[in-house]
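Open the structure in your viewer and set it to cartoon. This short tour tells you what to select and what you will find there.

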Amino acid sequence: MTDSATPQSRTSRAASRTSLTGVIVATALPYAEDGSAPAGLRPDLDRYADHCRWLVDNGCHGVGPNGSLGEYSSLTDGERRAVARTAVTAVGQDALVVAGVHGAGAHQARYWAELAAEDGADGVLCLPPTLYRANTGEIVRHFEEVAAVGLPVMVYNNPLDTKIDLTPEILREVAAIDGVVAVKEFSGDIRRVLHIKEQAPGLEVVAGADDLVLEALLMGATGWFAGFPNVFPAESVRLYELALEGRVAEARELYEPLVAAFRWDSRTEFVQAIKRGMDLVGRYGGPCRPPRGPLLPDQRRQLDADMRGAVQALETWVKAAG
């Protein structure tokens, strides 16, 4: 697969896909060595397409290329578009493609949303304005511009990294925008799920932090925009299903041994950790493009221990379930 992959028209699918729920994976991006590319690494689009296909074949409901706080900022404009197109071509007929369209300002975010629409995405994931602490009116206008493109919008609340908190009261105003359908909630405050549902009852709440996903789903979240399903897709989908079915004891039995690994999704080194996890289970994660560097030795040892515990627990769980 190359940068010239033929885009699909959004009119064939996106008009009927207004719900951005289920297990949507914030996809890790593999690289290949290339001396002509930034930092000597180019996105390996063939391997990325295979990864997207593997996730969907293992039950995931969608993929999220160009996650805002992953390696998005390390990509050139051409690479970003090629990654989104690759995801659409690989799985767009069978699963949701929710493209990240972060931009520091509204016109940049709208530009990426327009390209996502042209290339066949089903929806977009969008942060509020960054680089300064925007006020409520500015946040609302930012999302109005993105929603005007016509794709369903999932707004992304991550006050830990952006320093802007989309509180339930702000989300009430944002949810009034035609086309804003969901929020990826990553504040770490589990009380937010019910509070958002009270303030903006029509807005889907999507769990953003892997190490709070069961709690969020049990309190009414309907989706999971996920990191570690890059490593454990089938098991993550089963966890999601058990939670929605209210089978709490079975969900906890599956979830609790995974939480030590899932906690890495809420750490600064989450991209490196997910890629290392993929390597450890026989998938290809590979290196990150700078400024993200390798894990420090102590981090790697701890992650490997957490991953071993998760893998062993899953092997036991699979045997018991079989």
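Is His51 buried or exposed? Keep in mind that this is a predicted model. Select His51: its relative accessibility is 4%. The cut-off for buried is under 20%, so His51 counts as buried.

Now show the helix around this residue. His51 sits in helix 1, which covers residues 45-57. Next, display the contacts of His51, skipping its neighbours within four places in sequence. Four residues should light up: Ala28, Asn230, Met278 and Arg283.

Move on to strand 6, residues 123-126. Which residues lie on each side of strand 6? Gly123 and Leu125 are on one side, Val124 and Cys126 on the other. In a regular strand, side chains alternate between the two faces of the sheet. Here both faces are covered, and all four of these residues are buried.

Add strand 5, residues 96-100. Strands 5 and 6 pair in the parallel sense, over three bridges. Pick Gly100 and look across: its bridge partner in strand 6 is Leu125. Then trace the chain from strand 5 to strand 6. The path goes through helix 3, residues 106-119, and this β-α-β crossover is right-handed.

Now add strand 7, residues 153-157. Strand 7 also pairs with strand 6 in the parallel sense, again over three bridges. Return to Leu125: opposite this residue, in strand 7, stands Met154.

Last stop: select helix 4, residues 136-147. Together with strand 6 and strand 7, helix 4 makes a right-handed β-α-β unit.

Note on methods. Residues numbered from 1 in each chain as written. Predicted model: local features only at pLDDT ≥ 70, side-chain atom pairs only at ≥ 80, totals over all residues. Heavy atoms only, no water. Helix = DSSP H or I, 4+ residues; strand = E, 2+ residues; numbered from the N terminus. Buried < 20%, exposed > 50% of the residue type's maximum accessible area, 1.4 Å probe, protein only. Contact = heavy atoms within 4.5 Å. Pairing = 2+ DSSP bridges. Right-handed = clockwise from strand over helix to strand, strands pointing away.
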